[in-house]
Amino acid sequence: MEIEREKVLSALSRIPTLNHTYEVIVSGIGRESTAKAMMQLPPHDVCVLMGFAAIVGKASDLPDYLQLGKPIEITNASLYGYEGGLFENGAPITKEAHLNLPCLSSLTSDKFVRTTDLAEKTVVNMEDYTFMYLKKPQDFIVRIISDFLPHETEIDFFEEVKSIDFLEGVMEVDKLNF
């Protein structure tokens, strides 16, 4: 999403001396958009999928490192309930961590997910499985916690994420020696 791009660029602009050169590309929302974007990437050393993610659980029950705006790394992704398309009901894909961030599992779904049936601390989104399937070994996913599932009341997502800063996540990526 464009708002994620803006937040990454804002974070990059506030780091006085970057260790790497970055190109920020918006992949869009959903598995198809992610696949198309990945197939059209310019030559690069490392690709990082960074963006918002909902997490299963109540904020009051989750530890400090899993609160609103906190970065996490996705090291396991699975696909649930997509009908008739690419990577249907895909088996979990696991990878080693690259960063010093909490590592969580991600469930990718193109449909409404009944989050009451999911384990607490599961990340829910629409892109991670596709990225994990198509990525190179050195590529990885950083998600910034944007909301908690199930929602107890209806939310305006764009209002909820206005105050979230990607700086902590971007700084963690920039520490890497690649």
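1. Helices and strands here are DSSP runs, numbered from the N terminus. With that in mind, this predicted model reads α-α-β-β-β-β-β-α-β-α-α along the sequence, with five helices and six strands in the protein.

2. On overall form, the radius of gyration is 16 Å, close to the 16 Å that the globule rule gives for 178 residues, so the protein is as compact as a globular protein of that length. The C-alpha trace spans about 45 × 35 × 30 Å along its principal axes.

3. You may like to start inside with the largest nonpolar core, which has 20 residues; Ile 55, Leu 66 and Ile 72 touch the most other members. Two or more residues come from each of β1 (48-56), β2 (71-79), α3 (128-134) and β6 (140-149). The top contributor is β2, with four residues.

4. Leu 66 is a good residue to click on. Leaving aside residues up to four places away in sequence, Leu 66 touches Ile 55, Ile 72, Pro 102, Leu 104, Lys 121, Ile 145 and Phe 148. Another core, of 19 residues, lies apart from the largest one and includes Ile 3, Ala 11, Ile 144 and Phe 166.

5. Across the whole protein, 46% of the 178 residues count as buried. Of the contacts between residues at least 6 apart in sequence, 74% join residues at least 24 apart.

6. Finally, the outside and the charges. The accessible surface comes to about 9,700 Å², and 51% of this belongs to carbon and sulfur atoms. The protein carries 16 positive and 28 negative charges, and the mean positions of these two sets are 2 Å apart.

Definitions and conventions
Residues are numbered from 1 along each chain as its sequence is written. This is a predicted model: local features need pLDDT of at least 70, side-chain atom pairs count only at pLDDT 80 or more; totals for chains, interfaces and linings use all residues. Side-chain values use heavy atoms; hydrogens and water are left out. A nonpolar core is a set of buried Ala, Val, Leu, Ile, Met, Phe, Trp, Tyr and Cys residues joined through side-chain atoms within 4.5 Å. Buried means under 20% relative accessible area, exposed over 50%, partly exposed in between (1.4 Å probe, protein chains only). Contact means heavy atoms within 4.5 Å. The radius of gyration is taken over C-alpha atoms; the globule rule is 2.2 Å times the number of residues to the power 0.38. Accessible areas come from the Shrake-Rupley method with a 1.4 Å probe; for residues, only the protein chains shown count as cover. Lys and Arg count as positive and Asp and Glu as negative; His and the chain ends are not counted. The place of a charge is taken as NZ of Lys, CZ of Arg, CG of Asp or CD of Glu.
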